[in-house]
Amino acid sequence: MDNIDSIIKKAIKGDEVSFSKLIDLNKEKLYRISYMYVKNEQDTLDIVSSTVFKAYLNINKLKDPKLFNTWIIRILINTAADQLKKTKKIIYIDNYEQFENLNKTNEFEFKLANDMDLYNAVDKLDMKYKNLIILKYFEDMTISQISKLLNQSEGTIKVYLSRALKKLKIDLMKECI
């Protein structure tokens, strides 16, 4: 961890090689989170690219090196939300075989369930609920980590997460009927 902290500190001071190492260490996570929002490789790559660019321009503003992961994920989530607002484009995958072929071409492998109803239901959630589901269940973040990332109290996160799960349950039950 000390090694990562020193790399982050160097990047904050303007060391481009250190910044590049940080991005290399986090690129799969950034891609995976972005993909959960847009379900499209090109849009995902655009979002990750924009995130890296914004992070590069603003890394000197990062005060605490320990918060680098939280900071860059927040930039990514905001960039993905902006992208969705601009294009108002949500892609639902109806043909699982088509998705399998797409997934084989990616160098990043996702652990996707055979039933795409869950992903469709997550896509239909309000952004604040979608963020929580993705961070908690797809990125295995704790309530405390999510709370710090989204700058909201743990109680608020728990309430929103509960509401999101109830909505998902209702939507998934409708799909089964």
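Here is a walk through this predicted model, from its nonpolar core to its largest pocket and a few single residues.

Let's start inside. The largest nonpolar core takes in 45 residues, and the ones with the most contacts within it are Y37, I59, F68, W71 and I72. Plenty of helices chip in: α1 (2–12), α2, α3, α4, α6 (117–124), α7, α8 and α9 (154–176) each supply two or more residues to this core. The top contributor is α4, with 9 residues. For a closer look at one of those well-connected residues, take I59. Setting aside neighbours within four places in sequence, I59 touches A11, I12, F19, F68 and W71. Two of the names there, F68 and W71, are also on the list of residues with the most contacts inside the core.

Now for a polar residue, N26, which sits in helix α2 (residues 16–38). Is N26 buried or exposed? Its relative accessible area is 7%, so N26 counts as buried, the cut-off being under 20%. What does its side chain find there? A polar atom of the N26 side chain lies 2.8 Å from the backbone oxygen of L22. Beyond its neighbours within four places in sequence, N26 is in contact with F68 and N69. F68 brings us back to the core, while N69 leads on to the pocket, since N69 is part of the lining of the largest one.

That pocket holds about 250 Å³ of space. Along with N69, its lining includes K29, I33, K66, L67, T70 and I73, as well as E139, M141, Q145 and K148. Helices α2, α4 (68–87) and α8 each give two or more residues to the lining, and α4 gives the most, with 3. So which helix leads in both places? That would be α4, the top giver to the core and to the pocket lining. By character, the lining residues split into 4 nonpolar, 3 polar and 4 charged.

Finally, have a look at two backbone oddities. K39 and D140 are not glycines, yet K39 has a positive phi of about 55 degrees, and D140 likewise has a positive phi of about 55 degrees. Each is in a loop: K39 in the one between α2 and α3 (41–58), D140 in the one between α7 (127–138) and α8 (143–150). Their surroundings are another matter. K39 is buried because its relative accessibility is 7%, whereas D140 is exposed because its relative accessible area is 64%.

Key
Residues are numbered from 1 along each chain as its sequence is written. This is a predicted model: local features need pLDDT of at least 70, side-chain atom pairs count only at pLDDT 80 or more; totals for chains, interfaces and linings use all residues. Side-chain values use heavy atoms; hydrogens and water are left out. Helices (H or I, at least four residues) and strands (E, at least two) are DSSP runs, numbered from the N terminus. Buried means under 20% relative accessible area, exposed over 50%, partly exposed in between (1.4 Å probe, protein chains only). A polar contact is a pair of N or O atoms within 3.5 Å; within protein, one must be able to donate a hydrogen and the other to accept it, and residues adjacent in sequence count only if both atoms are side-chain atoms. Contact means heavy atoms within 4.5 Å. On a 1 Å grid over the protein atoms alone, a cavity is a set of points where a 1.4 Å probe fits but cannot get out, and a pocket is an open set with protein on both sides within 12 Å along at least five of seven lines; lining residues have an atom within 4 Å of a point. Grid points are joined across faces, edges and corners, and a volume is the space filled by probe spheres set on the points. Ala, Val, Leu, Ile, Met, Phe, Trp, Tyr, Cys and Pro count as nonpolar, Asp, Glu, Lys and Arg as charged, and the others, Gly among them, as polar. A nonpolar core is a set of buried Ala, Val, Leu, Ile, Met, Phe, Trp, Tyr and Cys residues joined through side-chain atoms within 4.5 Å.
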